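Q: Please take a close look at how one pair of helices packs in this protein. A connected account, with the criteria stated, would be appreciated.

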Amino acid sequence: MRIEPPHKGKVCRSLKVIFTLTRRKRRARVPAMNIITLLLPYQPPWDWQQFHSHFALRAIPGLESLSANSYSRGFSIDRAPGWFRVAPLPGQNALELRCRLASPAHLDQLEQRVRRMFDLDSEPEAIALHLSADELLAPLLQRNPGLRLPVAFDPFEQAVRAIVGQQVTVKAAVTIVGRLVQRVGTLIETPETLGISHLFPSPQALAEADLTGIGMPGKRVQCLQHFAARIADGGLKLHLADGSAALIEQLCALPGIGPWTAEYIALRAFGEGDAFPASDLGLLKAPVWGTEGIDARRLKARAEAWRPWRAYAAAHLWHNYSGG
């Protein structure tokens with residue numbers, strides 16, 4: 001008996017479903033090795049509550065996990081999976097980093113990324129001295145002397161978050177990025193107590209994914225996937241080797257990416273101390289400017305005096321705007 005094959009379109013759709021299901025069943029396994037614990041010292045003041053509040057608004061379920069006294073996530077270095085947990089050590093001016101890696105060779109890079117993520121190497125006294133020359137910023141620095149600059153673990157991940165977050169609330173952006181992680185991200189095996197199940201999607205996976213119904217306008221989906229494709233094929237490098245201005249210029253040359261997105265990527269993806277998204281609503285509406293706020297042109301002009309620490313001024317203005 002001969003069975004007629006279904007219509008060609010149905011075959012393609014069926015194969016796509018089978019491929020998707022097969023892909024989702026794969027789990028990234030972290031090779032068995034002892035958990036490594038490191039102490040990451042910093043120069044005080046430094047405020048865990050600032051970072052807790054930051055992640056409480058932005059943590060992606062499955063990718064990140066936050067408790068009252070710890071932050072955990074899965075990650076990939078050189079396509080090798082791992083996980084880490086960070087916890088403050090009161091009275092010791094240090095964070096505890098517990099991690100499991102695919103290779104001990106990745107430990108130095110992980111340590112550097114986590115230090116940057118929690119801004120452990122900044123110069124709080126020098127920054128405060130410089131910014132306090134502005135009479136409106138001075139009271140903010142006095143109230144929050146330990147304020148730092150939270151930075152993403154992975155630049156590509158932060159760039160995706162910034163593109164998704166264009167013209168939507170932080171909560172809405174977290175919801176959409178969470179869908180991307182669940183739909184396209186790789187499953188990872190971690191201890192159940194961590195609450196981590198996924199790695200962030202790779203540039204290639206995101207560029208090739210079917211994002212129908214993900215919750216973004218079609219043009220923004222195109223922007224996101226074009227960006228991911230440029231990263232995947234090497235046409236765009238996410239680094240500051242040529243300076244932040246060069247990266248911002250390259251990003252702004254891509255369709256759908258403007259100055260706010262590019263500056264925000266430089267600030268949050270790399271901790272660029274002088275990045276400044278002057279058109280950001282939270283900066284324009286900060287209470288320090290009074291009930292009428294300030295426009296982007298005047299803010300940008302005033303911020304010239306804050307160089308080379310404009311990003312830290314932004315951190316204080318954001319904190320002043322949100323109270324967190």
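A: The account below turns to the helix pair after a word on the model.

The model is predicted, so local features need pLDDT of at least 70 and side-chain atom pairs count only at pLDDT 80 or more, whereas totals for chains, interfaces and linings use all residues. Residues are numbered from 1 along each chain as its sequence is written, and side-chain values use heavy atoms, with hydrogens and water left out.

The average pLDDT (the predictor's confidence in each residue, from 0 to 100) is 90, and 90% of the residues score at least 70. Over residues 1–25, however, pLDDT stays under 50. Where pLDDT is low, the predicted coordinates should not be read in detail.

The pair consists of helix 6 (residues 155–164) and helix 7 (residues 170–184); helices are DSSP runs of H or I with at least four residues, numbered from the N terminus. They pack at an angle of about 130°, with their axes 9 Å apart; axes are lines fitted to C-alpha atoms over the stretch in contact, and angles run from 0 to 180 degrees between N-to-C directions. Helix 6 and helix 7 are therefore oblique to each other, given that angles under 35 degrees count as roughly parallel, over 145 as roughly antiparallel, 65 to 115 as roughly perpendicular and the rest as oblique.

The contact (heavy atoms within 4.5 Å) involves V160, R161 and V164 of helix 6, and A173, I176, V177 and L180 of helix 7. By class, this contact comprises 6 nonpolar, no polar and 1 charged residues, where Ala, Val, Leu, Ile, Met, Phe, Trp, Tyr, Cys and Pro count as nonpolar, Asp, Glu, Lys and Arg as charged, and the others, Gly among them, as polar.

How values were computed: Helices (H or I, at least four residues) and strands (E, at least two) are DSSP runs, numbered from the N terminus.
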